[in-house]
Amino acid sequence: MIVADSAFTYTPGAADWVRILPELILLGAALIVLLADLATPAGRKGWLALIGLLGVAGSAIAAALLFANGDGQSAFFGMIAADKAALFADFVILLSVGLGLLFSPGYVERQGITQLGEYYALMLLAALGMMFMASATNLMIIFVGLEVLSLALYILSAYIMSRSRSREAGMKYFILSSFASGFLLYGMALTYGATGQTNLQAVRVFMAGNAFHSGTGFGPLLIAGLALMAVGFCFKVSAVPFQAWTPDVYVGAPTSVTAFMSVGTKVAAFLALARVFDVALLSVHATWMPVLWAVAVLTMIGGNIMAVTQRDVKRMLAYSSIANAGYMLIAVVTGTQDALAALLIYLAAYAAMNLGAFGVALAVERSDGTGATLDDFAGLARHRPALSAAMSIFLLSLAGVPPLVGFWGKFYVFQAAIIGGHLELAIIGVLTSVIGMFYYLRVVWAMYFQEPRAVGIPAVSTLSVEPPAPAAAPASASGGGAAVLVAEPAVVAAPAPQEAYQPPVLAPGAWLGLAFAVALTVVLGILPSGFVDLAIQAAHTILR
Amino acid sequence: MNQFPILSVILFLPLLGAVGAALLPRMAGWGWSLLVTLADLAFCLALIGQFSTTTPGYQFTENRAWLPGVGVTYALGVDGVNLFLLALNALLTVVAIGASWNVARNGDRSREYFVLLLLLSTGMMGVFLATNLLLFYVFWELMLVPAYLLVGMFGGPRRAYAAIKFVLYTAVGSLLMLVGIIALGAIVSDTSHTAFTLDLPALLAHGAASLPRETQIWLFLAFFAAFAVKVGLFPLHSWVPDAYSEAPAPVVVLIAGVMAKTGAYGFVRFNLGVFPTASRDLATLMGILSVIGILYFALQALVAQDFKRLLAYVSISHMSVIVLGIFALNTQGVEGGILQMVNHGILIAALFLIAAYIEARTGSRRLADFGGMAKRTPWLAAVFMIITLATLGLPGLNSFAGEFLAFLGAFRASVVFGVLGTLVVIPAAWYMLRFFQGVMENPESGTVATATDIPRGRRGGAKLSDLRWGEFGVLLPLLVLTIVLGIVPGLLTARMESTVQHMLPAITASHTAPVLPNTTTVQR
């Protein structure tokens, strides 16, 4: 069917453009933001976020219309899917970029970010890349989408140019991620060499038609291709043992960016992973399954155990995102239609709760990027009760406590695994979830069970008790993770003596974003049937 | 389906109370909570009045679609097993709210306190009512979070340790149960070629209770993990003394009084109801664990220095008696177990409240600090004595009938377990009298002699205040029930009988236990 002979031409029609309407709208919004930046005076850059949000809303509406009325065909000769799975993923990506944009105004100014026009445009472009990657049905488009999102995120990670942590995050992400992209591309090239196809559907047909024998010529080629692609994808979803970049990048990047990319990248990479392994390469499931099985187990165990020792909440959330990648990998390993539905459910649930948790971390963070350790969360419930309650809801949801949305993600993944014959993965998942419960609840513990430390309270009577306390805060912040990051003593020493740290005032957008995330976490938790139904419909289309 | 949804009302009234408690100011929030829980109790009593004693299956059922694809429904039902546990939960919630008057008056974060207390009550109500396994699990976890926060926010000095230990113990158990639940659904839908469902009656109709022995044993163990932790069965009990001794008294009333029963209830409802073959084959193991628990915890209670820890051990020792009765797998044992769940709830709540009153008056929990309080607080001593006698199983008070039935059942199942289990009456009498005499009788000790009514100092001076009217009011319903249920336990057993008798033949397929007219015997 899809034979590239020399006389082949393909003329895109209007229907093709309609099928990528959500992406086009987002692209338009990004360009408008760049133009509007020129006309917006400094100090009013918040409007740019609004333009971005309008673009996100428009894109979401387009995706909804396509979900309801679209024909589900691929655009541009099988390059980009407009099936329900792609559109569902678009929703989740748009949700995360929308929340990321809501969290940004106020926060980015506080962090000393200056080029706001480019910042907002890059957020939108990263989301664009994610949407392309999630909808790609061709190895080439997967890679193009990946590069679009990665390039935008490299810049965004390093966006606080005055802070070495942020520069380091950008650099580290850039080098390691390019390396992984190389692996992925090499793997794709070898797969193309073995199958003669880059279109996933064509690869699938080829694989089904040519029973796979490792003895024949293309066997080793394909195995090498599979392995290299697996490495590339595992890096992108931050699975163990390819996770080392995640904590440093997540902590160093601006938190609004971390919040967005921790979810968006996962959605894009997992959709691509599922399309490649669970669709195109399903007939060699037995070949790749043990590898991803081991990666899933390592990721669940490693991510959860490493998260236990973290005292910086952002770093803890970074390791928790590794652990969550492990649960999502269970679905990929299982590979049934139920499992793919479970993957989509998990991703949607993860978007709401993880963005929310990062949103709270962003709200308590100081202008020098520190201040999100467990000590800073101690007694938070006393002076920020609403924020603490929201954080508790997100963390409990991440821990998988019903009836919050995170529970349904876990439930569907474990159910699919058990029905799909991977009881052992469900049991490992459950046992590692208990570890997760420990470190998530430790934040709740800090917020509710501990008394506020003198440094955290704005000017209350106890301030005089502990004179050395202000100096202790930066020390504990940098002492948190693996001590790769050297706090600049000169910079740290300057703000420290200013007594009575005032918790930053949250911008209305951030409140709105947090309220939205809480609403999603709770309402979808109590009434999950609607979005579960959509995810199941979406999973139907991915396997066609 | 068009009938009045009384079970939903009972389930969600505490939640309504929580909403009010979150919005209203402190004292009004307390009043509102009390009012709502009293209404809840009234509905439970109405339910008991309407309950048909001859129907073995679920009554007042409600069933609504929740997540159709995976057989998750909002399904509630009441039968002879959970009827009185609902009422116990409602009653002890009222008692706990009533006893929390001080928190409302001068504690900080009283809003959070009442919201969490009522959420906990909702969760436990849901656990008893749910007839869909996943709904059950949702409520099971829902009660964990408020309990964690209540212990951690309002407990004693080691509260954070106790809270996290409690959560980790229970989380391991309940997550294993989640795997068991899903696996049960998957296996049943596989073997019966029906759609995946987690509705308990549907599962049983599809042959859930006749799975192969091997499968049953694994699933039994998955559920066992969750229930044994909650009960505090040996050797999964070590969170209990910490949590009970650190939590504030009204919270212990709910945790020890009701939450521990959710585990025992789970054993009856799921392990006995769904895995009959495994229950029969593992009954010996359960008996061994129970007997070890009964005796070992009793000995721990004998040597405990802190009387809240002592009571924690008393509680789990008696809970082990309940489990022993349940896994005797005969009518007497199971009925005794259920009856004893109610009695134990009433008594342990009263004991922890009395312990809190004593601690509030003297500021100490060390038995060595006490002696001779009865002279100064005669009313408190009198109430304490009645509860003490009931706890050690004096005939005519409530605990006697339940423990008698449970031990009778154990004897009929196995003489060894019966004898060993019954041995506990010796240490039981000893530790209770050690507690009572140590505090109330004996020569007056230094602490008591010099205690000057630490709590509010309203009357100041060198006089320990006796039981106040408010405190007495909280204890009164428990005291009344202790006596009433001691005289007419048939009030309860009559409503359990048909359910229990219907449930057991599946388990003891081989030997049918002749049904003794036990309720009437005990009544006299």
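A residue is called buried when its relative accessible area is under 20%, exposed when that area is over 50%, and partly exposed in between, using a 1.4 Å probe and protein chains only. This is a predicted model, in which local features need pLDDT of at least 70 and side-chain atom pairs count only at pLDDT 80 or more, while totals for chains, interfaces and linings use all residues. Residues are numbered from 1 along each chain as its sequence is written, and side-chain values use heavy atoms, with hydrogens and water left out.

Helices are DSSP runs of H or I with at least four residues, and strands are runs of E with at least two, numbered from the N terminus. In chain A, eight of the eight residues of helix α11 (residues 245-252) are buried, so this helix is largely enclosed by the rest of the structure; among them are A:Trp245, A:Asp248 and A:Gly252.

Contact means heavy atoms within 4.5 Å. The contact between the chains takes 34 residues from chain B and 34 residues from chain A, and the buried area, which is the accessible area (1.4 Å probe) that two parts lose on being put together, summed over both, is listed below together with the carbon and sulfur share.

| Interface of chain B and chain A | Value |
|---|---|
| Buried area | about 3000 Å² |
| Share from carbon and sulfur atoms | 81% |

On the side of chain B that touches chain A, β1 (59-67), α6 (133-154) and α7 (159-192) of chain B each supply at least two residues, and the largest share, 15 residues, comes from α7(B).

Key
Chains lettered and ligands numbered in written order.
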